[in-house]
Amino acid sequence: APHTLDEASKLDPDPSASACEVIGSCDFKFTDSLGRTGPVSVNLPPGYANVKSKTKRYPVIYLLHGYGQTPSDLKAAIVFLKNWMNAPTDSSAMRLPKAIMVYVDGRCRSGAKGAECIRGTFFTDSVRPNGPKMEVWFNELMNEVDKRYRTMGPSDIEWTE
């Protein structure tokens, strides 16, 4: 993931970038193949839409809210993270890696099969035949995020304890 100090998107935006990409915060509704629609909030790293950064790709971090919350409840955290991703007073070794942050919806939503649950799903598939199939929604959302934004592809990570 990039640790570079990047110019703000507003200083020299890529003409093909959308307004929300220049601002660094995009919201959309996503509907999966089963008919479930839910809100999604995305925060883009500093400089994402700057013309000099238009070939950079970024890892994606999916943040899951708590029971009874919505994706927008988590968006305030990005204020701190963006500062740490692009702090001019820090060396590249000290900066947080730049990443795309996606705030996923886990609330009950009516899908093609009707009401799902009471207040939350904990992002899992229900055992009930007409219950939520959150794994389908989440997997299809990941594909949608890869289509909309410049995400990094999968990679192997070595792990030692």
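A search of the whole structure, which is a predicted model, turns up 1 disulfide. The partners are Cys20 and Cys26, whose sulfur atoms lie 2.1 Å apart. The torsion about their S-S bond is about 90 degrees, so this disulfide is right-handed. The two cysteines differ in how they meet the surroundings: Cys20 has a relative accessibility of 25% and therefore counts as partly exposed, whereas Cys26, at 2%, counts as buried.

How confident is the prediction? The protein has an average pLDDT of 83, and 89% of its residues score at least 70. Among the elements, helix H1 (residues 19–23) has the highest mean pLDDT, 94, while helix H2 (residues 78–85) has the lowest, 73. A word of caution is useful here: where pLDDT is low, the predicted coordinates should not be read in detail.

Helix H3 (residues 134–148) offers a friendly check with simple arithmetic. At 1.5 Å a residue, its 15 residues should span 21 Å, and the end C-alpha atoms are indeed 21 Å apart, so the expectation and the model agree. Which residues of H3 are buried? They are Met134, Trp137, Leu141, Glu144 and Val145. Viewed down the axis of H3, these buried residues fall within an arc of 100 degrees, which means that they line one face of the helix. The pattern can be followed with a general rule: an α-helix has 3.6 residues a turn, so residues three or four places apart point the same way. The buried residues of H3 pack against four strands, namely S1 (25–31), S2 (37–43), S3 (60–64) and S4 (100–104).

Attention now turns to the aromatic rings, where the count comes to 4 pairs. One of them joins Tyr48 and Tyr58 in a tilted arrangement, 5.6 Å from centre to centre with 40 degrees between the planes. Both tyrosines sit in the loop between S2 and S3, so their pair ties together parts that are 10 residues apart in sequence. Tyr48 counts as buried because its relative accessibility is 2%, and Tyr58 is likewise buried, at 0%.

Another pair is formed by Tyr62 and Phe138: the ring centres are 5.5 Å apart and the planes stand at 75 degrees, so the pair is edge-to-face. This contact links distant parts of the chain, with Tyr62 in strand S3 and Phe138 in helix H3, 76 residues apart. Tyr62 is partly exposed, with a relative accessible area of 22%, and Phe138 is partly exposed too, at 23%. Finally, ring pairs link Tyr48, Tyr58 and Tyr149 into a cluster.

How values were computed: Residues numbered from 1 in each chain as written. Predicted model: local features only at pLDDT ≥ 70, side-chain atom pairs only at ≥ 80, totals over all residues. Heavy atoms only, no water. pLDDT = per-residue confidence, 0-100. Helix = DSSP H or I, 4+ residues; strand = E, 2+ residues; numbered from the N terminus. Expected span 1.5 Å × (residues − 1). Buried < 20%, exposed > 50% of the residue type's maximum accessible area, 1.4 Å probe, protein only. Arc of directions from axis to C-beta. Contact = heavy atoms within 4.5 Å. Disulfide = S-S within 2.5 Å. Phe/Tyr/Trp six-rings, centres within 6.5 Å; stacked < 30°, edge-to-face > 60°.
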